[in-house]
2 protein chains.
Amino acid sequence: MTHDAAAFQDFYPDDLAHCYGCGRLNANGHRIKTYWEGDETVTHFTPRPEHTAIPGYVYGGLLASLIDCHGTGTASAAAYRFRDREIGSEPPLRFVTASLQVDYLKPTPLGVSLEIRGRVEEIKEKKVVVNATVFANGEATAKGRIVAVLMPESMAPKVPGHGLRKAWKAARPGSA
Amino acid sequence: MTHDAAAFQDFYPDDLAHCYGCGRLNANGHRIKTYWEGDETVTHFTPRPEHTAIPGYVYGGLLASLIDCHGTGTASAAAYRFRDREIGSEPPLRFVTASLQVDYLKPTPLGVSLEIRGRVEEIKEKKVVVNATVFANGEATAKGRIVAVLMPESMAPKVPGHGLRKAWKAARPGSA
């Protein structure tokens, strides 16, 4: 399936778009793209040849990374929906990972496009729990669960003239 | 601390030394090196600038990867100790990850050398559970737990003339 619309990660503010897994501004990163499909979220990613574990199979650390960023992306998009806000509107709703669990069900073949499908298990103001499954050739090869939390204001990039910190404080006056 | 001795990963057979996280033959990978320090295992790794999450902090997916490969390396070394065998002796004891859990305790600063310290929680013939903690500037920033299982013979690289499959079958006659 192709997506004409922008991905969740395309709405991350520039200063929060450098993540190795999903930052569109990280030229060396994976730059994954996640979309809604009904109530599920979907990411497609084709590992590079060096992303190997045992030859022929995908490196488990990469699968953990994909699940991680798929999860924080899903958390962000779900948080906008939860608040009835347009995705990408200010102040930003950017999530970071509090915990990550991955169960490797079977070896994941290298050389094919992987599909990661996610569902929101639980959503609160500052916390979203996401379940995700990795599919290769239509078969589930790994299952993950991430607990994502709204990025604490203290992590906002401390760059002179940076607008995010201000937007953040405006959004969360109690946390400043 | 510097280590004159070879790392656990240096003993992996060539055909199992291509892992993106710890394979010494993966020119594009992390090539982590793990050592015993008493009953603990230790890996040091300095993330690259692109291994960022939010600017200034290390990407959580990389931390998961380091914990993963530190865990399988520890499992391998512990399995040799458990059998009273010299590390690297044939047939190889190579472990893969069945499950991985990471709790991110606080943001991990980018730009410093990280220390991952591991301990074996449980060891059986075909399964080793490892706990690992990531330290930055002496402070614990992430905790992980991996369940590592002896690599199934079915994952052995199927290369003509490849000795590993044979060694594996010899070691585990019931699994062939």
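**Loop geometry, strand pairing and the two-chain interface**

In the predicted model, Pro91(B) is placed in the loop between helix H1 (60-82) and E3 of chain B. The peptide bond that joins Glu90(B) to Pro91(B) is cis, with omega about -5 degrees. In chain A, the bond from Glu90(A) to Pro91(A) is likewise cis, with omega near -5 degrees, and Pro91(A) belongs to the loop between H1 and E3 of chain A. That loop of chain A also contains Asp84(A), a residue other than glycine with a positive phi, near 60 degrees. Most residues other than glycine have a negative phi, and most peptide bonds are trans.

Within chain B, strand pairing was examined for E2, E4 and E5. Strand E2 (residues 40-45) runs antiparallel to strand E4 (residues 114-123) of chain B, and five bridges join the two. In this pairing Phe45(B) has Leu114(B) in E4(B) as its bridge partner. E4(B) also pairs in the antiparallel sense with strand E5 (residues 127-136) of chain B, over nine bridges. A hairpin of three residues connects E4(B) to E5(B), and Ile123(B) has Val128(B) in E5(B) as its bridge partner. E4(B) is thus bridged to E2(B) and to E5(B).

The two chains are related by symmetry. Chain A is superposed on chain B by a rotation of 180 degrees with 0.0 Å of shift along the axis, at an RMSD of 0.0 Å. This is the relation of a two-fold axis. Among the residues of chain A, Gln101(A) comes closest to the rotation axis, its C-alpha being at 2.2 Å. Both copies use the same surface, since 100% of the contact residues of chain A recur in chain B.

Strand pairing also extends across the interface. E3(A) and strand E3 (residues 95-104) of chain B pair in the antiparallel sense over five bridges. In this arrangement Leu100(A) stands opposite Val102(B) in E3(B).

The contact between the chains draws 40 residues from chain A and 40 residues from chain B. The size of an interface is often given as the accessible area lost when the parts come together. The area buried between chain A and chain B is about 2900 Å², and carbon and sulfur atoms give 61% of that area. Tyr20(A), Ile54(A) and Tyr59(A) supply 23% of the area that chain A buries against chain B, more than any other three residues.

Polar and charged interactions were then considered. Zero salt bridges are found across the interface of chain A and chain B, whereas 16 residue pairs, both members at pLDDT 80 or more, are in polar contact between the chains. On the side of chain A that touches chain B, helix H1 (60-82) and strand E3 (95-104) of chain A each supply at least two residues. E3(A) gives the most to this side, with nine residues. By class, the side of chain A that touches chain B comprises 20 nonpolar, 13 polar and seven charged residues. E3(A) therefore appears in two descriptions of the interface, as the element that gives the most to the touching side of chain A and as the strand that pairs with E3 of chain B.

Technical notes. Residues are numbered from 1 along each chain as its sequence is written. Chains are lettered from A and ligands numbered from 1 in the order in which they are written. This is a predicted model: local features need pLDDT of at least 70, side-chain atom pairs count only at pLDDT 80 or more; totals for chains, interfaces and linings use all residues. Side-chain values use heavy atoms; hydrogens and water are left out. Contact means heavy atoms within 4.5 Å. Buried area is the accessible area (1.4 Å probe) that two parts lose on being put together, summed over both. A salt bridge is a side-chain nitrogen of Lys or Arg within 4 Å of a carboxyl oxygen of Asp or Glu. A polar contact is a pair of N or O atoms within 3.5 Å; within protein, one must be able to donate a hydrogen and the other to accept it, and residues adjacent in sequence count only if both atoms are side-chain atoms. Helices (H or I, at least four residues) and strands (E, at least two) are DSSP runs, numbered from the N terminus. Ala, Val, Leu, Ile, Met, Phe, Trp, Tyr, Cys and Pro count as nonpolar, Asp, Glu, Lys and Arg as charged, and the others, Gly among them, as polar. Copies are superposed by least squares on the C-alpha atoms of residues with pLDDT of at least 70 in both.
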